[in-house]
Amino acid sequence: MTIETISSRKVYRNRWMTVREDAIRRQDGTSDIYGVVHKPDFALVIPYENGAFYLVEQYRYPVKGRYLEFPQGTWEEQENAPPESVATGELQEETGLVAGRMTYLGHLFNAPGYSTQGMHVFLAEELSPGPQRLLPEESDLVVTRVTREEFEALVLEGRIKDASTLSAYSLLRMKKRLPHDVAPGQDRAPERA
């Protein structure tokens, strides 16, 4: 370890997060403080069906705007719930969709420079529609279906700015071939008339 924790104190706590301030000593002997936000890991779900993704859009108070993102969330009251259970619950809660197949893609950190929070990324396929179960803070949530090409255009237009969504999409593209993907170094087969 290159940074030693000398002492630690909680400076703020609510039901979603704890903020602490650590007195630290670096390897070269210098001392300083480090602010750390502790939040439980969350589940992010990539609902994918017939060449398209389902995204949710809602108002995000801290950045004062509405943006598209993959369904995601945590269960504060059940911090130790299995990630797949959280993913299944968040998918149905936010979109009404139920996945016939849920594939775990991996774990990523959300903002490791100041937070302990990470995310478990799942690919949801074989989707069936059902009722949404929105929480009061999600009452303005809208579900949108977009193709992969539309998804990438929305990123370039600035309509998708959520770093979790973008890193999960990158992980998906690296781990799983989507229909119409071309392997590096190969050209698409010519279309027949």
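The following dialogue explains how several terms apply to this predicted model.

Student: What should be known about the model beforehand?
Tutor: The model is predicted, so local features need pLDDT of at least 70 and side-chain atom pairs count only at pLDDT 80 or more, while totals for chains, interfaces and linings use all residues. Residues are numbered from 1 along each chain as its sequence is written, and side-chain values use heavy atoms, with hydrogens and water left out.

Student: Why is Asp 22 called buried?
Tutor: Buried means under 20% relative accessible area, exposed over 50%, and partly exposed in between, with a 1.4 Å probe and protein chains only. Asp 22 has a relative accessible area of 4%, and is therefore buried. Across the protein chain, buried residues make up 37% of the 193 residues.

Student: Which residues is Asp 22 in contact with, leaving aside its neighbours within four places in sequence?
Tutor: Contact means heavy atoms within 4.5 Å. By that criterion, the partners of Asp 22 include Thr 5, Ser 7, Arg 9, Asp 32 and Tyr 34.

Student: In which strand is the place of Asp 22?
Tutor: Asp 22 belongs to strand β2, which covers residues 18–26. Strands are DSSP runs of E with at least two residues, helices are runs of H or I with at least four residues, and both are numbered from the N terminus. The protein chain has three helices and ten strands.

Student: What makes β1 and β2 a pair?
Tutor: Two strands pair if DSSP finds at least two bridges between them. β1 and β2 are joined in the antiparallel sense over nine bridges, so the requirement of at least two is met. Within this pair, Ile 3 stands opposite Arg 26 in β2. In general, strands of a sheet pair through backbone hydrogen bonds, either parallel or antiparallel.

Student: What is the order of the strands in the open sheet, and which are the edge strands?
Tutor: The three strands have the order β1-β2-β3, with antiparallel pairing. The edge strands are β1 (3–13) and β3 (31–38), since each pairs on one side only. Neighbouring strands of this sheet are turned by 25° against each other on average, direction ignored; the axes are lines fitted to C-alpha atoms, for helices over the stretch in contact, and angles run from 0 to 180 degrees between N-to-C directions.

Student: How many Å separate the C-alpha atoms of Asp 22 and Tyr 114?
Tutor: The separation is 12 Å, although Asp 22 and Tyr 114 are 92 residues apart along the chain.
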